[in-house]
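Visitor: Hello! Could you walk me through this protein with some questions and answers?

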Amino acid sequence: MSVKKNRDSIVCTSAISIVIIAEIIFFSASVVRADAGQGAATAAKETFRTKCAMCHGPDGAGSEVGKSMNIPDLRSEAVQKLPDAELAQIISDGKGGMPPFKSSLSEAQIHALVHYVRSLHQKK
C-alpha cells in the first residue's frame with residue numbers, strides 16, 4: 001500500500017509541477033510579446049518624429065512647412081481609407097514633394113509607419 005501511495009503522490013506532484021511550469025512559460029511569453037509590441041510602437045513613433053514630423057507635424061495634421069506644400073492631413077478620411085499597401089508604397093517611393101524612404105528605412109519600418117499613421121486617426 002505504501003508503494004502505491006508513494007507512486008500516486010509522485011504522479012500528482014509531477015502533474016502539478018508541469019501545470020505550474022507551463023503557466024509560467026505561457027505568462028512569460030505573453031509579457032515578451034507585449035513588450036515587443038510596445039517596442040515596435042515606440043520605434044515607429046520615433047521614426048515618424050525623425051523622418052516625417054518636419055512636414056506632417058507631430059500629430060499628422062501637418063506642420064507649417066507641410067501645410068505650405070499642401071500635404072494632406074494624415075488623420076483625414078482620405079488618407080485613412082487608403083489601403084496599407086498604397087500607404088507603404090507612398091512612404092517607400094515618395095509622392096509629390098515627399099522624398100522616397102526605401103533606401104533609408106527597412107520594409108519592417110515602413111510597415112510600422114503605416115500602422116502608426118493608422119493610429120493617428122484616433123487622435124484627431
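Guide: Happily. One term comes up throughout: helices here are DSSP runs of H or I with at least four residues, numbered from the N terminus. Keep in mind that this is a predicted model.

Visitor: Thanks. In which helix is the place of Ala-88?

Guide: By that numbering, one helix covers residues 84-93. Ala-88 has its place there, in helix 5.

Visitor: Is Ala-88 buried or exposed?

Guide: The cut-off for buried is a relative accessible area under 20%. Ala-88 has a relative accessible area of 9%, so Ala-88 is buried.

Visitor: Which residues is Ala-88 in contact with, leaving aside its neighbours within four places in sequence?

Guide: One partner can be approached through the backbone: the C-alpha atoms of Ala-88 and Val-114 are separated by 6.2 Å, although these two are 26 residues apart along the chain. With neighbours within four places in sequence left aside, Ala-88 is in contact with Ile-110, His-111 and Val-114.

Visitor: Which helices do the buried residues of helix 5 pack against?

Guide: The buried residues in helix 5 are Leu-87, Ala-88, Ile-90, Ile-91 and Ser-92. Their packing partners are helix 4 (77-80) and helix 6.

Visitor: How is the packing of helix 5 and helix 6 classed by angle?

Guide: Two packed helices are described by the angle between their axes and the distance between the axes. For helix 5 and helix 6 (residues 107-120), the axes are 9 Å apart and the angle is about 120°. That angle makes helix 5, relative to helix 6, oblique.

Visitor: What is the handedness of the crossing of helix 5 and helix 6?

Guide: Handedness is a further descriptor of this pair, alongside the angle of about 120°. The crossing of helix 5 and helix 6 is right-handed.

Visitor: How do the residues of the contact of helix 5 with helix 6 divide?

Guide: From helix 5 come Asp-84, Leu-87, Ala-88, Ile-91 and Ser-92. They meet Ile-110, His-111, Leu-113, Val-114, Val-117 and Arg-118 in helix 6. Sorted by type, the residues of this contact are seven nonpolar, two polar and two charged.

Visitor: What phi does Gly-94 take, just after helix 5?

Guide: Helix 5 ends at residue 93, and Gly-94 follows just after it. Its phi is positive, at about 80°.

Visitor: Which phi value does Asn-70 have?

Guide: Most residues other than glycine have a negative phi. Asn-70 lies in the loop between helix 3 (64-68) and helix 4, and its relative accessibility of 67% counts as exposed. Asn-70 is a residue other than glycine with a positive phi, near 60°.

Visitor: Which residues does Gln-109 touch, not counting residues up to four places away in sequence?

Guide: Gln-109 is found in helix 6 and is partly exposed, with a relative accessible area of 32%. Its C-alpha atom is separated by 8.9 Å from that of Ala-40, 69 residues apart along the chain. Not counting residues up to four places away in sequence, Gln-109 touches Thr-47 and Ser-104.

Visitor: And where does Ser-104 lie?

Guide: Ser-104 is in contact with Lys-51 as well as Gln-109, leaving aside neighbours within four places in sequence. At 38% relative accessibility, Ser-104 counts as partly exposed. Ser-104 lies in the loop between helix 5 and helix 6.

Visitor: Does His-56 count as buried or exposed?

Guide: His-56 is found in helix 2 (residues 53-56). Not counting residues up to four places away in sequence, His-56 touches Phe-48, Ala-61, Gly-62, Ser-63, Ile-71, Pro-72, Leu-74 and Met-98. At 13% relative accessibility, His-56 counts as buried.

Visitor: How far apart in space are Glu-46 and Leu-113, C-alpha to C-alpha?

Guide: Glu-46 lies in helix 1 (residues 2-51), and Leu-113 is one of the helix 6 residues met by helix 5. In sequence Glu-46 and Leu-113 are 67 residues apart. C-alpha to C-alpha, their separation in space is 9.7 Å.

Visitor: Which pattern does the whole protein follow along the sequence?

Guide: The protein has six helices and zero strands. Read along the sequence, its pattern is α-α-α-α-α-α.

Visitor: Last one: what percentage of the residues in the protein is buried?

Guide: The protein exposes about 8700 Å², of which carbon and sulfur atoms supply 64%. Of the 124 residues, the buried ones make up 27%.

How values were computed
Residues numbered from 1 in each chain as written. Predicted model: local features only at pLDDT ≥ 70, side-chain atom pairs only at ≥ 80, totals over all residues. Heavy atoms only, no water. Axes fitted to C-alpha atoms, helices over the stretch in contact; angles between N-to-C directions. Helix = DSSP H or I, 4+ residues; strand = E, 2+ residues; numbered from the N terminus. Parallel < 35°, antiparallel > 145°, perpendicular 65-115°, else oblique. Left-handed = near helix turned anticlockwise from the far one by under 90°. Contact = heavy atoms within 4.5 Å. Nonpolar A, V, L, I, M, F, W, Y, C, P; charged D, E, K, R; others polar. Buried < 20%, exposed > 50% of the residue type's maximum accessible area, 1.4 Å probe, protein only. Areas by Shrake-Rupley, 256 points an atom, 1.4 Å probe, with all protein chains shown as cover.
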